Structure formats: C-alpha cells, structure tokens
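Open the model in your viewer and keep the sequence panel at hand. We will go from one selection to the next and look at what is there.

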Amino acid sequence: MRVISGSARGHKLRAPEGLTTRPTTDRIKESLFNIIAADLYECRFLDLFSGSGGIGIEALSRGAEKAVFVDRDKKSVSVIRDNLRATRLEERAQVMNCDIASAISKLGSLGEKFDIIFMDPPYNKGFVENTLTYIVRENILSETGYIIAEQSREDEVPKVPGLEVVRIKDYKITKMTFLSRAEGKLGD
C-alpha cells in the first residue's frame, strides 16, 4: 500500500495488523482518485472507518485542504498517526478515535462541513445506511459535496431520505456508491 500521487507520492503506508481492516487496493484507489481528482484541491475531506488512513492521506497528498480521519480501533488510529507523520501531512489532519455516530455528532455540533465524505465500513453489516442517516441528521455534507461508500457488490444500494445515488462504479468484489444531496438540500 502506497500513496499514488501528489506531494507524498511513493510513500509506503502501514496497515493495522490482523483482520480488522481491509485496505482499499491500489488499483481501486487509483481508479477512485481519477474520478474525484478535479474536486480534491482545497476540499475538506472526511475519511470514515479509516483503517490505515490511506484514502484520506491520498486526498491530502493531492491537495485537500483538510482531512478528518475517524476510526474506533486504537491500533488503526496509531497507524493513521504514524502514516501522517511519515508523509508529513499531519498539520492538515485531524484524527478522531471514537465510534462513527459520536464523531459525526461532534463534527455536526462544531458546524463542520465536508466536500467529500468517504466511508469504507465492514461489508454486509448495515453500517452504510446508518452512517448516511447520521450524516443527513447532523448536516455535515457541504451544499455541493458528495459521499462515496465503498461496499460489497452484494450490498443493497443505500436508500436514505435526503440523499440520492448519482453513480455506482463496480469492481470485482466491491463497488463505490456516490451520493449527493437530494434536490440540493440536506437536513432542511
């Protein structure tokens, strides 16, 4: 696992040991960042279920203004911090060691808004719809922002009031579901 492009290009990233994380492959990461490249510069990026932090670090490397990383696993948080130090991107990063609902609630209470929200929860456990519901309730997606949910290809397409699916990109065993505000409004 490595940073593909940008200021930290070529840096190798550590991943938490064990089977608790499933890092996004370099091939899928490269494809994803080709899709969102035009939206990255100076964006505010939220990386939920961060694992190693590879997605948020790639966003920072490619010009995101700020990235917030959320993971409840202490080993993952330690690896994220190590990876941020190694890539010299920690000044534009915030790492939250808590569950997703608490993190989104805190970010909402602080009035935070994100241009791109990426989530890669454990597959087939219902986390995607629950997390999307928290995002809608706390209104942390910017007016023109969007959400990317990495899912198993077998997972249902999420249906959450306030959001609409705008694109689905299929890979062998995964898919990336892109969602934006339905009718331009969220949480109103």
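Start by selecting phenylalanine 49, in the loop that runs between β1 (44-48) and α2 (54-61). This is a predicted model, so read each stop on the tour as a computed one. With a relative accessible area of 17%, phenylalanine 49 is buried, because the cut-off for that is under 20%. Now check its backbone: phi is near 55°, a positive value in a residue that is not glycine. Most residues other than glycine have a negative phi.

Keep phenylalanine 49 on screen and look for ring partners. How many aromatic pairs does a search of the whole structure find? There are two. In one of them, phenylalanine 49 meets phenylalanine 127, with 5.7 Å from centre to centre and 50° between the planes, a tilted arrangement. Phenylalanine 49 is in the loop between β1 and α2 while phenylalanine 127 belongs to helix α5, so this pair ties together parts that lie 78 residues apart in sequence. Is phenylalanine 127 buried, exposed or partly exposed? Its relative accessible area is 31%, so phenylalanine 127 is partly exposed.

For the other pair, select tyrosine 146 and phenylalanine 178. Their ring centres are 6.2 Å apart and their planes meet at 40°, so this pair is tilted. It links distant parts of the chain, with tyrosine 146 in strand β5 and phenylalanine 178 in strand β7, 32 residues apart. Tyrosine 146 is buried at a relative accessible area of 14%, and phenylalanine 178 is buried at 5%.

Stay on phenylalanine 178 and add arginine 167. The charged end of arginine 167 sits over the ring of phenylalanine 178, 5.9 Å from the ring centre. For another arrangement of this kind, select arginine 44 and phenylalanine 114: arginine 44 lies over the face of the ring, 5.9 Å from its centre.

Next, select helix α5, residues 127-138. Its twelve residues should span 16 Å at 1.5 Å a residue, and the C-alpha atoms at its ends are indeed 16 Å apart, so the two agree. Colour its buried residues: Val128, Thr131, Leu132, Ile135 and Val136. They cover an arc of only 140° around the axis, which means that they are on the same side of α5. An α-helix has 3.6 residues a turn, so residues three or four places apart point the same way. What do the buried residues of α5 pack against? Show β1, α4 (100-109), β4 (114-119), β5 (141-152), β6 (163-170) and β7 (174-181), and you have their partners.

Step just past the end of α5 to asparagine 139, where phi is positive, at about 55°. Then select arginine 88 in the loop between α3 (74-87) and β3 (93-96). Its phi is near 60°, again a positive value in a residue other than glycine. Is arginine 88 buried or exposed? At 74% relative accessibility, arginine 88 counts as exposed.

For the last stop, go to isoleucine 4, in the segment before α1 (26-40). Isoleucine 4 counts as buried, at 9% relative accessibility. Add phenylalanine 33 to the selection and draw a C-alpha to C-alpha distance: isoleucine 4 and phenylalanine 33 are 9.3 Å apart in space and 29 residues apart in sequence.

How values were computed: Residues numbered from 1 in each chain as written. Predicted model: local features only at pLDDT ≥ 70, side-chain atom pairs only at ≥ 80, totals over all residues. Heavy atoms only, no water. Helix = DSSP H or I, 4+ residues; strand = E, 2+ residues; numbered from the N terminus. Buried < 20%, exposed > 50% of the residue type's maximum accessible area, 1.4 Å probe, protein only. Expected span 1.5 Å × (residues − 1). Arc of directions from axis to C-beta. Contact = heavy atoms within 4.5 Å. Phe/Tyr/Trp six-rings, centres within 6.5 Å; stacked < 30°, edge-to-face > 60°. Lys NZ or Arg CZ within 6 Å of the ring centre and 35° of its normal.
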